[in-house]
Amino acid sequence: RNWDVEDSRFPYFALGLGTEYFSTLREWRNVAQFKYRFGGKGGFSLLGDAGIASYPRSWEQSVIPTFSLGAGLDYDGFSFSIRYKPSVGQSYDTFLVGRIAYDWWITDGFALDFHAGFGVGGYDNKGLMDYYDFPFGFGLLFRL
């Protein structure tokens, strides 16, 4: 019903920078992110990110490439999304996370993205269910 309710903030395509920490995996991710949001006050979004992950407490390789893809349901500035990162190539960590986020639009073209979540993760292709994790972070979004 809210799909067509007029709201000047939606729809949009945004690029930005983000950071998040996975407490159990002990992984700090710094990424470039994108978000495509469509609909009115209620809508749907597609999101993704790519960047580097570092392991400050690890004896192994400390910085590796990382990415994730996801989709979510949105209402106003809030969204609930599911994100997945498979274990591929050099990037051997994997996760599946449910995320709650709020995009605070400070101006027409600039927003702060606050998010937290719960999910599972691990290492290697067989490691998705090794750990429960609670990622949290924030980002900057610039509307194009």
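**Exercise 1. In which loop is S62 found, and is S62 buried or exposed, or does S62 fall in between?**

Solution. The model is predicted, and the assignment starts from the strands on either side of the residue. Step one: S62 is found in the loop between β3, which covers 42-54, and β4, which covers 63-75. Step two: the relative accessible area of S62 is 40%, and because the buried class ends under 20% while the exposed class begins over 50%, S62 counts as partly exposed. Step three concerns the neighbours: leaving aside residues up to four places away in sequence, S62 touches A53, S54 and Y55. A further distance can be read between C-alpha atoms, since those of S62 and E27 are separated by 9.6 Å although the two residues are 35 residues apart along the chain.

**Exercise 2. Describe the overall make-up of the protein from its elements, its burial and its contacts.**

Solution. Step one: the protein has 9 strands and 0 helices, and its elements, taken from the N terminus on, run β-β-β-β-β-β-β-β-β. Step two: 46% of the 144 residues count as buried, and the accessible surface comes to about 7,800 Å², with 66% of that surface belonging to carbon and sulfur atoms. Step three: among contacts with a separation of 6 or more, 51% are accounted for by residues 24 or more positions apart.

**Exercise 3. Which strands are joined to β6 by bridges, and how do they run?**

Solution. Step one: strand β5, residues 78-85, is joined to β6 by 8 bridges, and the two run antiparallel; one pair places R83 with its bridge partner V97 in β6. Step two: 13 bridges join β6 to strand β7, residues 110-123, again in an antiparallel arrangement, and here Y102 stands opposite F114 in β7. Step three: the connection between β6 and β7 is a hairpin through 4 residues.

**Exercise 4. Locate D103, classify its burial, and describe its surroundings.**

Solution. Step one: D103 is found in strand β6, which spans residues 93-105. Step two: its relative accessible area is 2%, so D103 is classed as buried. Step three: the side chain of D103 makes a polar contact with the side chain of Y12 at 3.1 Å. Step four: residues up to four places away in sequence being left out, D103 touches Y12, K35, G77, L112, D113 and L141, so that Y12 appears both as a contact and as the polar partner.

**Exercise 5. Carry out the corresponding analysis for T66.**

Solution. Step one: T66 is found in strand β4. Step two: with 4% relative accessibility, T66 counts as buried. Step three: a polar contact of 3.2 Å links the side chain of T66 to the side chain of R29.

**Exercise 6. Which residues make the nonpolar surface patch, and which strands each supply at least two of its residues?**

Solution. Step one: the patch, of about 640 Å², is made by F13, L15, F34, Y36, L46, L69 and L144. Step two: β1, covering 12-22, and β2, covering 27-39, each supply at least two of these residues. Step three takes one member as an example: L15 lies in strand β1, and its relative accessible area of 39% makes L15 partly exposed. Step four: because patch residues need over 30% relative accessible area, the 39% of L15 satisfies that condition. As background to reading positions along a strand, side chains in a regular strand alternate between the two faces of the sheet.

Conventions:
Residues are numbered from 1 along each chain as its sequence is written. This is a predicted model: local features need pLDDT of at least 70, side-chain atom pairs count only at pLDDT 80 or more; totals for chains, interfaces and linings use all residues. Side-chain values use heavy atoms; hydrogens and water are left out. Buried means under 20% relative accessible area, exposed over 50%, partly exposed in between (1.4 Å probe, protein chains only). A polar contact is a pair of N or O atoms within 3.5 Å; within protein, one must be able to donate a hydrogen and the other to accept it, and residues adjacent in sequence count only if both atoms are side-chain atoms. Contact means heavy atoms within 4.5 Å. Two strands pair if DSSP finds at least two bridges between them. Patches are made of residues with over 30% relative accessible area and no salt bridge: like charges are joined within 9 Å, nonpolar side chains (Val, Leu, Ile, Met, Phe, Trp, Tyr) within 5 Å. Accessible areas come from the Shrake-Rupley method with a 1.4 Å probe; for residues, only the protein chains shown count as cover. A salt bridge is a side-chain nitrogen of Lys or Arg within 4 Å of a carboxyl oxygen of Asp or Glu.
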